[in-house]
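Some labels given to residues in a model rest on a cut-off, and it helps to see each value set against its limit. The turns below do this for burial, disulfides and a pocket.

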Amino acid sequence: MPREKFRTLTEQMFYTLLCLKEECCGMDILDRIPAMTGRRVNIGSGTLYTLLEQFLAAGMIRETKIEGRRRSYILTAQGKQMLEQEYERIRAQALDYRKIFGKGEQNDEEPNAPF
């Protein structure tokens, strides 16, 4: 069975939508994602522009202006809702981790301790 589109977001998807809380163009996003993640997350231009097209088609973002080849976008209410759902999913994962390992701290003294 194929995976439902946008049921969960990749890091690139998440940070692309996060950047679009404020109006910006693709080149801005290419700069902002590495800056906001300490270079932990990068996105290629081909991936970014494919995502932007998919997000537009899904109604998660809208185009705000076109200046030649440069297009600017902003998050829609639907896109914000998707971001919030993804945030809650990630938060639930972190809570599960804390339940197993205790407050998110790594227990170096007992690396093979059972759950």
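Q: In this predicted model, why is C25 called buried?
A: C25 has a relative accessibility of 2%, and because buried means under 20%, C25 counts as buried.

Q: What makes C24 count as buried or exposed?
A: The relative accessibility of C24 is 1%, which lies under the 20% limit for the buried class, and therefore C24 is counted as buried.

Q: How do you know that C24 is not bonded to C19?
A: A disulfide requires two cysteine sulfur atoms within 2.5 Å, whereas the closest cysteine sulfur to that of C24, in C19, lies 5.7 Å away, so the pair is too far apart for a bond. C25 is likewise in no disulfide, its nearest cysteine sulfur being that of C24 at 6.7 Å. The count of disulfides comes to zero.

Q: Why is S72 called buried, and which residues does S72 touch?
A: S72, which is placed in strand 3 (residues 70–75), has 6% relative accessibility and is therefore classed as buried, since that class takes values under 20%. Leaving aside residues up to four places away in sequence, S72 touches E23, C24, C25, R62, E63, T64 and K65.

Q: What makes up the lining of the second largest pocket?
A: This pocket, with a volume of about 160 Å³, is lined by C25, G26, M27, Y49, R69, R70, R71 and Y73. Strand 3 gives the most to this lining, with three residues, while helix 2 (26–36) supplies at least two. By class, the lining residues divide into four nonpolar, one polar and three charged.

Key
Residues numbered from 1 in each chain as written. Predicted model: local features only at pLDDT ≥ 70, side-chain atom pairs only at ≥ 80, totals over all residues. Heavy atoms only, no water. Helix = DSSP H or I, 4+ residues; strand = E, 2+ residues; numbered from the N terminus. Buried < 20%, exposed > 50% of the residue type's maximum accessible area, 1.4 Å probe, protein only. Contact = heavy atoms within 4.5 Å. 1 Å grid on protein atoms, 1.4 Å probe; cavity = no way out; pocket = protein on both sides within 12 Å on 5 of 7 lines; lining within 4 Å. Points joined across faces, edges and corners; volume = space filled by probe spheres on them. Nonpolar A, V, L, I, M, F, W, Y, C, P; charged D, E, K, R; others polar.
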